[in-house]
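Open the model in your viewer and show side chains as sticks. The tour goes through a few charged pairs, one selection at a time.

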Amino acid sequence: SYTVSLRAADNITVTIKLRPGVSRGCQIRAKNVIRSELKIKPGENLTFTFTCSTPEKYFIMEIQKNIDCVLGPCPFGDVRLYPSGLPHLNRTFIWDVKASTKAGLELQFSTPWLRQIEPGETCPDFVSYNINSCIDKATVNIGTFCRNGSVSRVKLLGGVIMSLHLPWDSPLTTSGFSIANRASIKRLCIIESILKGESSITLMSPNYPLGFPEDELMTWQFVVPSNMRASVFFHNYSLSNCERKEERVEYYIPGSPSNPEVFKLSDSQPANIAGSFNLSLQGCDQDAQNPGILRLLFQVVVQHPQVDENVTHLVDLSKERNMTVTIHFEGWPSRIPLMSEPMCLICKDPRTCDRVLTLVSGAVYKISFLCKDLSRLRITAEKGISCVDLWRCQRKIYSLSVPNIITQLPIRLHKFIWRLLAPDLVNIEITSPSLKLQQHVPEQRCNTSYSYSVVSATPEMELNVGVFCPGGSIEKIQMRNNITISLKTFGKGFLNESNHQDLKMSFVPHIKDECTFTVSPEPKAKVYLQTPNWPYGLPPYVSISWYVIVPSKQVARLGFSKDRMGIVCETGRAYLNVKEETLGAEETVRREDELLPQPRNMYHDFWVNISNCKPVDRTQLTLQFWVTLADKQIDLGVILAVVAGAGVLMAIGLTVCCVKKKKKKSQNPMVGVYNADVNTQVPGKKGFFTKGRKNNESHVYAVIDEAMVYGHLLKESNGLVAPEVDVYRPFDGPVGSLPPSPPPLSFRKDIKHSSDTEEPPPLMDTDHDTYTFAHQKSGQLEDNGDTTEKSSGDMGMSLLENKEQDGLVE
């Protein structure tokens, strides 16, 4: 059983009640009555028991003492925990002290003092203090505090409600504070904080985060050793809607020529303050309809003076355009440093310092550092390059290199970002003339001190082109959209390699594909290339091309890393196209449902193009291929074939010469040979020429070569069988402004000479644009307007000019 005896003069009330949210698994027995709540008033003496052995799981206790300093004397001095002999429950001691606003109260805390915490935060030992100021009928929450901090005193205007929360097993036997009477402070409160050695504290405005009272004033007093330096940082604040006055903070710094120094809450707050100082927060008259909220959470950091704090570094950005340089702590902005971490401060003047400092182009800065370890600091810079008029832009070549003003700072460069903006129908070209670029792939990783991340972005789509580093085979990258290039460093080696940067950029006219790479592999090197957006896959309907340069004395080996594209199309088809850049080269085409080509040799420059469809489900198009170069091997069979071919051509030439001499002696008339089996129809639209061939007879061939007439002699000269008459294949290429060449005449085994008067067989009645041959009547040559009459009847079987063979004779 427990016995509680309260004296009437103490004005103490004890209340035992169930914990919120706990069922009635335990009750209180007092005066043979079972109850769930017990209240013992001043002057009462009561004995009670619990119906369970662990009452601390079910009940809490409040001990409230009312003190009236207006009508009677105040019990100044240390505050005791009274009464004694209470049951071991989670308990809250409450001291409600009423005082006049003309006489302020002061709460003094014994060491280790107090530390303010945010609402909802708990103390490590679960012992917490809560201070509320009472002015007339208004109550303002000054804050919640844990033990072991820097807050040594709190001065209040008017009354105070002080609460001490103790867990059921706390050994604490004293309150840890005393009450004193002071003169009116003419402001809401004054909080004194004593800082010893290097430390960091966090404080909040009253009623945080609900809002500072309207038109109120409060002050924080910071006691700092004279040999230390203090800096103030505002981490979270908001402003109310003022009708009159202006919300502000004021600093009183001993030795300052302009006390008080006034700042807006949005300003950078003073740093590197020598010695003690005061900070005051002033509210305003708020709009009654929309008052808003004034609140502030800030940090004060105290540290030793830095040896190099007087060393300044010149950062001249006066000649730069569209450029920002941010010096920050490691991990910014994703990581927020702990309040207790040692500070690394960047100062743009002796009193304007912060953990993050941003410098903009067009100005000159002299910066210094308050930091023991500069290796914890980083630099992130960003530069914008845009084009409005292509006529002016496309003549410029922009260097994408880190300026010396950044590399000369004693801070490691983390990232340099170029944002390249181009208007419609203007594209961007990136080149690396001397170093060239290597794509970072699993089979060929970058091991340099820096790399480039290239991202192509439009409002509808973002394409991660890939990560590249210097020392590869990619000479050029062309992209259709706006580009972001991020140079990221690894380790300290970039300082030595920064002088060899070789990335250039220019604006070029519109290109066809989303992205085009120009690749020039090194001899005997194996180059791996992969589609952008790896490993997530190409976006739907995107086309990517690679142009691979093959030296004339080498051959390229092209292979793919897998057998299929590995996707199923919902809309459209996905294609792989491979084609050499040479006349008459065949194009290799594969769809997404077909096997990819096997490794093959490429003897000329060639293209690799990949076009995506809209894949079904979650399948994505990711493709990788490789290219190697090797010297061309001389084939002995080819050499023998060339020598044999040369011998055949020489035999034909000798035969033709002999035949010509023999013909001149015989003076036989010219003979026209016509093959009715040859298809002489030319593809193309009817009426392609402005003047029909039927009228100008440009399609009539006056003579043919004797080699075609006497081709049977070839059989006698080399013993080979003459080929049968070939059939002309219709022209299936693009039809230009000129007609295609006439079909070739094939050799026959036996040719019978026609008589001079013999009429040719009738032509196929298919089109008026056919090729015919003129026949000489006895004794004369018919003039058809396409040839020039030859003299003295010496009409040898000679070819027309090359332009007449090609159909150029009008």
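**Salt bridges, stop by stop**

Select Glu-514 and Arg-480: in this predicted model the two form a salt bridge, with their closest N and O atoms 2.8 Å apart. Colour by secondary structure and both residues turn up in loops, Glu-514 between strand S43 (504-509) and strand S44 (515-519), Arg-480 between strand S41 (474-479) and strand S42 (482-489). The pair links distant parts of the chain, 34 residues apart. Add a surface to compare the partners: Glu-514 is buried, at 7% relative accessible area, whereas Arg-480 is partly exposed at 28%.

Next, select Arg-573 and Glu-592, whose side chains meet in a salt bridge with an N to O distance of 2.9 Å. Arg-573 sits in the loop between strand S48 (569-571) and strand S49 (575-580), and Glu-592 in the loop between strand S50 (587-591) and strand S51 (600-602), so the contact ties together parts 19 residues apart in sequence. Arg-573 is partly exposed, with 34% relative accessible area; Glu-592, at 8%, is buried. Extend the selection to Arg-591 and Asp-593: salt bridges with shared partners join these two with Arg-573 and Glu-592 into one network.

Last, go to Glu-382 and Arg-419, a salt bridge between side chains at 2.8 Å, N to O. Glu-382 belongs to strand S34 (residues 377-386) and Arg-419 to strand S36 (residues 412-421), so this pair ties together parts 37 residues apart in sequence. Glu-382 is partly exposed at 30% relative accessibility, and Arg-419 is partly exposed at 34%.

To continue from here, list the salt bridges of the whole structure; a search finds 18.

Technical notes:
Residues are numbered from 1 along each chain as its sequence is written. This is a predicted model: local features need pLDDT of at least 70, side-chain atom pairs count only at pLDDT 80 or more; totals for chains, interfaces and linings use all residues. Side-chain values use heavy atoms; hydrogens and water are left out. A salt bridge is a side-chain nitrogen of Lys or Arg within 4 Å of a carboxyl oxygen of Asp or Glu. Helices (H or I, at least four residues) and strands (E, at least two) are DSSP runs, numbered from the N terminus. Buried means under 20% relative accessible area, exposed over 50%, partly exposed in between (1.4 Å probe, protein chains only).
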